[in-house]
Amino acid sequence: MHLKSKLPDVGTTIFTVMSQLAIQYNAINLSQGFPDYEVSPELVSLVNKYMLGGHNQYAPMAGLIQLREIIAYKQDLIHRSSYIPDSEITITAGGTQALFTAMACVIQAGDEVVIFEPAYDCYAPTVSLLGGVVKSLELIPPDYKINWQEVRELVNPKTRMIIINSPNNPTGITLTDEDMKELIALTRNSNILIISDEVYEHLIYDGKEHLSVCRYPELKERSFITASFGKLLHATGWKVGYCMAPKWLMKEFRKVHQFQIFSVNTPVQYAIADFLKDQNNYLELSHFFQIKKDFFSNLLINTKFDLLPCYGSYFQSVQYSRISEEKDTELAKRLTIEFGVASVPVSAFYYKNTDHHVLRFCFAKKQETLEKAVHRLSGV
C-alpha cells in the first residue's frame with residue numbers, strides 16, 4: 001500500500017526526541033516546557049469537587065460561559081479591551097489546538113503566511129498541511145529584532161496571515177510598541193489576518209510589559225489571540241486553552257472547532273473558572289517566575305554559556321561559542337548523554353534548521369532541580 005505524506009519533511013518533534021533521550025540517560029529534563037512542581041492543591045480540589053458533583057459530560061461547544069466570562073474580565077482588567085464571552089471567546093484543548101484551528105479556518109491553498117523565526121514548531125507544518133506557503137523571516141541573536149523593511153518585502157497580494165508570538169518561545173523576547181505600530185502600518189487597508197500567540201502573556205520580566213494586540217484597535221479587528229491555561233496554572237497536561245477574536249472571525253473558528261474536538265474537559269473548566277476568581281492567581285505569576293529566572297541565570301553566569309536576553313516565557317536561551325563549534329543538535333545530545341542535562345537546540349525552531357549555536361533551557365523547575373542541572377553544566 002502507498003500513502004503520499006502531507007508532511008513529508010516532518011518527523012518527531014524535537015521536544016519528544018530530547019525528552020526521550022533524557023529518560024534514556026536519566027538526565028535532568030530542561031528541554032520540554034513543563035514544571036516539575038505540583039499544581040495548586042486548591043485547583044486540584046476544585047476539579048475533584050466538580051467531578052464528584054457530576055459535571056462529567058460534554059461542556060458547551062464554545063466552553064462554559066462562566067469560564068469565558070472570567071477570561072473576558074481578565075482581558076479587560078489587564079488590557080482594557082472588551083471581548084463578548086458569548087460570541088468572541090472559545091475554550092480549546094490547549095494553545096496548540098487554538099493555533100491550528102485559527103489557521104485551518106482561514107488558510108486556503110496557495111495562501112502565504114509570514115512567520116518570524118525562531119518560532120514555535122507547529123506554525124510552519126500547520127501552514128503546509130493546510131496547503132499554504134510559509135514565508136519565514138529569520139531573526140538573529142542576541143536581540144532577535146524584527147527588520148520591518150524585510151517584512152514589507154515579504155508581503156504581497158497572496159499574504160493571508162502573519163503570526164506573531166510575544167513573549168516569544170524560544171527566545172524570551174517581547175514585542176515593543178514600535179513593533180506593534182509597524183504591524184498596524186503594514187496591515188492597514190489589507191486583508192491580512194493576524195494570529196497573536198500570547199501563551200506566555202503572564203510570564204514577563206525585568207519591568208517589561210506584555211503588549212497584547214487587543215490593545216491596538218486596528219490590530220484587534222483582524223486578530224486571533226491564542227492562549228493556554230497550562231502555563232498559567234502549571235498544569236500543561238490538562239491541555240486547556242482558549243482563543244479570542246472578533247465575532248466575524250470567531251464564527252469561522254467555531255465552524256472548524258466543532259468538528260475538530262467539539263468540546264473541552266468539563267470539570268476542569270468549572271475548576272479553572274472558580275480558581276481565576278482570585279486575581280492573584282494570575283497577577284502574581286510574573287513575580288513567581290522572575291524569582292526562578294533570576295535564580296537560574298545567576299547560576300549560569302558561572303558556566304561557559306553566554307546568556308541571551310530573556311524578558312518573558314519560562315525559557316532561557318544561551319550561546320556556547322566559548323565551549324564548542326558543534327552543531328546545536330549535536331551538543332544538545334552530548335550534554336544529555338555525557339553531562340545529564342537535556343536542552344533544546346534552537347535550530348529546531350527554524351524552518352531551514354538555521355544554527356546560531358543556541359540552546360534553550362526551561363527554568364520552570366524546583367530550585368534544587370536548577371541547582372543540580374547547573375552543577376552538571378559547570379563541568380562542560
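Reader: Among contacts in the chain between residues at least 6 apart in sequence, what percentage join residues at least 24 apart?

Author: Good place to start, and please keep in mind that this is a predicted model. Take the contacts between residues at least 6 apart in sequence, and then ask which of these join residues at least 24 apart. That share is 76%.

Reader: Why does the radius of gyration of the chain agree with that of a compact globule?

Author: The chain has 380 residues, and a compact globule with that number would have a radius of gyration near 21 Å. The chain agrees with this because its own value is 20 Å. As for the box that its C-alpha atoms fill along the principal axes, that is roughly 55 × 55 × 55 Å.

Reader: How many helices and strands are there in the chain, and what part of its residues is buried?

Author: Let's take the elements and then the burial. The chain holds 16 helices and 13 strands. Here, buried means under 20% relative accessible area. Of the 380 residues, the buried part is 56%.

Reader: Which helix gives the largest share of the largest nonpolar core?

Author: This core has 97 residues, and those with the most contacts inside it include Phe116, Leu233 and Tyr314. Its largest share is 6 residues, and they come from one helix, residues 266-275. That helix is α12.

Reader: Is α12 mostly covered or mostly open, and which elements do its buried residues pack against?

Author: Helix α12 is mostly covered, with 9 of its 10 residues buried. Among them are Val268, Tyr270, Ile272 and Phe275. The buried residues pack against α2 (41-52), α3 (65-79), β2 (89-92), α10 (229-232) and α13 (280-283).

Reader: Which residues does Phe116 touch, leaving out those up to four places away in sequence?

Author: Phe116 is one of the residues with the most contacts inside the largest nonpolar core. With residues up to four places away in sequence left out, it touches Leu137, Leu139, Ile146, Trp148, Val151, Ile162, Ile163 and Ile164.

Reader: How many residues are in the second, separate core?

Author: Look for Ala102, Tyr123, Val127 and Phe224, which are included in this second core. It is separate from the other one, and its size is 25 residues.

Reader: Why is strand β7 largely enclosed by the rest of the structure?

Author: Try following the two directions in which its residues point. Ser223, Ile225 and Ala227 point one way, while Phe224, Thr226 and Ser228 point the other way, and all are buried. Strand β7 is therefore largely enclosed, since the number of buried residues is 6 of 6.

Reader: Which strands are joined to β7 by bridges, and which residues stand opposite Phe224 and Ala227?

Author: Strand β6 (residues 193-197) pairs with β7 in the parallel sense over 4 bridges. Strand β8 (residues 241-244) runs antiparallel to β7 and is also joined by 4 bridges. Opposite Phe224 stands Ile195, and opposite Ala227 stands Tyr242.

Reader: In what order do the 4 strands of the open sheet lie, and where are its edge strands?

Author: The pairing in this sheet is antiparallel, and the order is β9-β10-β13-β12. Each edge strand pairs on one side only, and these are β9 (306-307) and β12 (344-345).

Reader: Which helix packs on that sheet?

Author: The helix touches β9, β10 (315-319) and β13. Its direction makes about 20° with that of β10. It spans residues 285-300 and is named α14.

Reader: In β13, what is the bridge partner of Val344?

Author: Strands β12 and β13 (residues 358-362) run antiparallel and are joined by 2 bridges. The partner of Val344 is Arg360.

Notes:
Residues are numbered from 1 along each chain as its sequence is written. This is a predicted model: local features need pLDDT of at least 70, side-chain atom pairs count only at pLDDT 80 or more; totals for chains, interfaces and linings use all residues. Side-chain values use heavy atoms; hydrogens and water are left out. Two strands pair if DSSP finds at least two bridges between them. Contact means heavy atoms within 4.5 Å. Axes are lines fitted to C-alpha atoms, for helices over the stretch in contact, and angles run from 0 to 180 degrees between N-to-C directions. A nonpolar core is a set of buried Ala, Val, Leu, Ile, Met, Phe, Trp, Tyr and Cys residues joined through side-chain atoms within 4.5 Å. Buried means under 20% relative accessible area, exposed over 50%, partly exposed in between (1.4 Å probe, protein chains only). The radius of gyration is taken over C-alpha atoms; the globule rule is 2.2 Å times the number of residues to the power 0.38.
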